[in-house]
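I opened my notebook beside the model and set out to write down what I looked up, beginning with the chain as a whole and then turning to one pair of strands.

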Amino acid sequence: MEKKIGTVSILITDVNVVEEVNALLSSYGSIILSRNGMPLRDENISIITLVVKSDGDTINSLTGKLGRLRGLKAKSTLITTA
């Protein structure tokens, strides 16, 4: 399959989901090139941004599994590499 580079943006609104998020991201660790987290304590939310590289199905699988967790929203953007 064709490799893609993309970003996954995760907005966490419930701190109780953090352990599940970390476990899921660890299971997809081989496709994660970069991970950046930023807590916005004043607003009781956290943002995690990932840079990922894999086939589209794998990246979409990660985003879908994240999206099924309560207390967060996840979106991905993919670009096909030349």
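**Notebook: the whole chain, then a hairpin**

I began with burial, and found that 30% of the 82 residues of the chain count as buried, keeping in mind that this is a predicted model. For this count I took buried to mean under 20% relative accessible area.

Next I looked up the exposed surface, which comes to about 5,300 Å² for the chain, with carbon and sulfur atoms supplying 50% of it.

I then turned to overall size: the C-alpha trace spans about 40 × 20 × 15 Å along its principal axes. The radius of gyration is 13 Å, which agrees with the value near 12 Å for a compact globule, because that is what 82 residues would give.

For the secondary structure I noted two helices and four strands, which follow the pattern β-α-β-β-α-β when the chain is read along the sequence.

I also checked how the contacts are spread, and among those between residues at least 6 apart in sequence, 67% join residues at least 24 apart.

Which way do strand 2 and strand 3 pair, and over how many bridges? I found that strand 2, residues 32-40, and strand 3, residues 45-55, pair in the antiparallel sense over eight bridges. Within this pairing I located glycine 37, which stands opposite isoleucine 48 in strand 3. The hairpin has four residues between the strands, and there asparagine 44 takes a positive phi near 55°.

Last, I looked up the charges: the chain has 10 positive and 8 negative side chains, and the centres of the two sets lie 4 Å apart.

Note on methods: Residues are numbered from 1 along each chain as its sequence is written. This is a predicted model: local features need pLDDT of at least 70, side-chain atom pairs count only at pLDDT 80 or more; totals for chains, interfaces and linings use all residues. Side-chain values use heavy atoms; hydrogens and water are left out. The radius of gyration is taken over C-alpha atoms; the globule rule is 2.2 Å times the number of residues to the power 0.38. Buried means under 20% relative accessible area, exposed over 50%, partly exposed in between (1.4 Å probe, protein chains only). Contact means heavy atoms within 4.5 Å. Accessible areas come from the Shrake-Rupley method with a 1.4 Å probe; for residues, only the protein chains shown count as cover. Lys and Arg count as positive and Asp and Glu as negative; His and the chain ends are not counted. The place of a charge is taken as NZ of Lys, CZ of Arg, CG of Asp or CD of Glu. Two strands pair if DSSP finds at least two bridges between them.
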